[in-house]
Amino acid sequence: MLQVENLSVSFHTRMGSTQAVDNVSFGVESGKITAIIGESGSGKSVACYSLLGLVPCPPGRIDSGTALFEGTDLLALSEHELRAIRGRDIAMVFQDPMTCLNPYMTIGKQLMEPLMYHQGVSTAQARTRALELMQEVGIRDPESTFDNFPHQFSGGMRQRVMIAMALINQPKLLIADEPTTALDVTIQAQILQLLADLQTRHDIGIIFISHDLSVVADIADDIIVMEKGRVVESGNRDAIFETPSHPYTQKLLAAIPTGHKDSAASTADPLLRVNNLCTWFGEGDKTVKAVDDVSFNILHGEVLGLVGESGSGKSTIGRSLLRLVPATSGTITFDDIEVTQLSARPMKDLRRRMQIIFQDPFASLNPRMTVHDTLAEPLLLHGIVNRKNVSQAILKLMDDVGLARDVARKYPHEFSGGQRQRIAIGRALATRPEFVVADEPVSALDVTIQAQILQLMLELGKEYGLTMLFISHDLAVVREVADRILVLYQGKIVEEARSEALFTDAKDAYTQRLLQAIPGRSLLTGIS
Amino acid sequence: MWRFIGIRLLQAIPVIIAVVTVTFFLVRVAPGGPFDGEKAVMPEVKAALEAQYRLDQPMLQQYAAYMGDLARGDLGPSFKYPGRSVNELIAAGLPVTAELGLYALLVAVIIGGLAGVIASLKPNTAQDYIPMSAAMIGICMPSFLLGPILLLVFGIYLEWLPVSGWGDIPGDKILPAITLGSTYAAYIARLSRAGMLEVLNQDYIRTARAKGLPEWQIVVKHGLRGGMIPVVAFLGPAFAGVLAGSFVVETIFQIPGLGRFYVQAAFNRDYTMILGTTVFLSTLIVLFNLLSDILAAWMNPRLRAQFGKR
């Protein structure tokens, strides 16, 4: 249905030129799901956007290529002709349903818009059709939500609206750009299922762009792997997963967290005891019980996984432990010190022993401080070393986290996401803490980088003798690093189990649902 | 919503009291008084006049009396226009100034909004630089310079438009409105450019493109609503500013509005007139700020929902 040949797209700015897509050829068959896989910057999105003229030119430029869509070369069409195809024959679903719907327009209007524009139908007809589709994509009670604004819907529901909007003109091809990346894992599973169902029912072709092979493992028919603007391998799903021929594909597959940590039941004493912890926000009827009566222990040297979806309170627990947010009630005992009631001076000492690594290494590092300054601050503040020896200590830290020594004077924006997370880990380890909260430390990273950072954290954990609370929404990741796992749901712990037991013998219904939702479950080792 | 309005109105009371108090004592500190004219006045006559207007009483007592009157909405008698109250004088000047202000704002919104939107469509090209440079000139050009220039070019050399008056000859309202509105047009151009640029880079604009909508529909239907919120928020302070700042234009074009009364009152040491106009304008500023805040919030569905809940 779609045959792309020798497509090259480049970007030209004052900073220089980059070849985003380099001589790419691929085909998409009607009635199949074709996944385009690649890490950030691999050109997967640019390649698809350029087919529809959605790459801003300038700075973008389509250098060469043809894209035959049912006999028409999309790249040779004028903007006017292309507009007739966009949204009618080829529709798109984007990554973040929070930002991709117009917040000032009701979803009903947004749904009807492409239908009325392309087919000139009346408002009444458009409304009927929109309501039908809302029903079909699983939006409850379409009649009463038709005139609602996007902010009144959850992320999953918004993505359903996006999908309905894309399907309203019965397109022949749907391009879905990371359509589940911004969603919780159970919602992701639902949306994947929905896309697969709609694909068969409407017999459309789907291009599914993703950075994550495991997401498409269950739904893709064909897979195209891109790296640095080139297609390195393509073939049907089984061939890619079972006999990948290109080293990059092999690397991507190897980076998917599939294994589990081998650990024996620990007999160590608890380093941290949490009893009946509550952290509530707001007052009166607006109270949000982010953490609601939670009790657990973390043993010396243990990695405790904390798993839950967005809004489950997992980050709030991590922050409450370090008193970055005040606990409403309950006790937190760290090495026989009661944390919740501590006064400022002993608290400062305690902060040296308890550290945190945040999710987003782009936001959590001060953009105006060099690596050297970022690492020097905790070292000097807590008197770990004196000014004379600080440079030496910093170089040692940089070696430990795998940063080249000559980058010490650089600023955060000069680093990639993975390198920044190394800096953040270095900052956390600078004070030689006994306990570290790692709050989604790899969620913002590409899969291959994610694997490296996880490896680094496990090694450093051993070397520094760390006890760790590892917070993540991703069960496959937690399974690789944690000894024990807590499952959190709406502020409460619903299950606590040793890592392996959780995956083979989950007791709680919500845990089971989470496990079912893991994308590419079939890839995980030792799971039936 | 009502709670929010109520709180804002209550907050306005101390602001206005502070404005009145400071103005009251400031005008008294200035040398001279309302009856120190060039013509010598007999001491007995002056004393009688001062007694009539309570000027012989101690300052604090005068202040208390004025505040008492003010609380009843009475701004007192004018010193310079015997027999007329400040309320009457404001009522006479206000319609003219309000009309002038309204036209000026219309000019500002249309010209400024258009320039800003046009500039935002192709940032950092000639289509952006030309209107934005014009806006910069508009901000820098004081109305006492722009007014006479327009007057010379369109009134005297080209003889297209009348040079003075208000509502006497058709077209005599055009030049004052442009003169007064140009500064605000320039601010609005910059605000709407920034607002539109931000909105046009949002993901939902890409969604609209992917729907196949033509560019003008994307800008009008998906862009303007969000992009104009900062402009709406600015309109309140702008309208108050237009009212307060109209005296230069009113003087240039001989318009009998509030602004001219205000300036004359200051020269004449017409204490009650100065105070009255100040109180009136500061109340308007507070009210219009509130109004535009409400309007801007209303335009954002998320904030509107919060309003409903309160």
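**Helices, cores and a shared face in a predicted model**

Tutor: Let's start with I37(A), in what is a predicted model. Leaving out residues up to four places away in sequence, I37(A) touches S210(A), L213(A), V216(A), I223(A), I224(A), V225(A), M226(A) and L252(A).

Student: What makes those residues count as touching I37(A)?

Tutor: The cut-off is 7 Å between C-beta atoms placed from the backbone, so a pair within that distance is in contact. I37(A) also belongs to the largest nonpolar core, which has 158 residues; I37(A), I207(A) and F470(A) touch the most other members. Apart from that core lies another of 43 residues, including L191(B) and F239(B).

Student: Why are α3(A) and α6(A) called roughly parallel?

Tutor: Their packing angle is about 25 degrees, with the axes 8 Å apart. Angles under 35 degrees count as roughly parallel, and therefore these two helices get that name.

Student: Which residues meet there, in α3(A) and α6(A)?

Tutor: I107(A), Q110(A), L111(A) and P114(A) of α3(A) meet V161(A), A164(A) and M165(A) of α6(A). By class, that contact has six nonpolar residues, one polar and no charged.

Student: How do you know that α2(B) lies largely in the open?

Tutor: Being buried takes 20 or more other C-beta atoms within 10 Å. The number of buried residues among the ten of α2(B) is zero, so the helix lies largely in the open.

Student: How many residues of chain B are in contact with chain A?

Tutor: 16 residues of chain B, and they meet 22 of chain A. On the chain B side, α8(B) gives the most, with six residues.

Key:
Residues numbered from 1 in each chain as written. Chains lettered and ligands numbered in written order. Predicted model: local features only at pLDDT ≥ 70, side-chain atom pairs only at ≥ 80, totals over all residues. Contact = placed C-beta atoms within 7 Å. Helix = DSSP H or I, 4+ residues; strand = E, 2+ residues; numbered from the N terminus. Core = buried A, V, L, I, M, F, W, Y, C linked by C-beta atoms within 7 Å. Buried ≥ 20, exposed ≤ 12 C-beta atoms within 10 Å, placed from the backbone. Axes fitted to C-alpha atoms, helices over the stretch in contact; angles between N-to-C directions. Parallel < 35°, antiparallel > 145°, perpendicular 65-115°, else oblique. Nonpolar A, V, L, I, M, F, W, Y, C, P; charged D, E, K, R; others polar.
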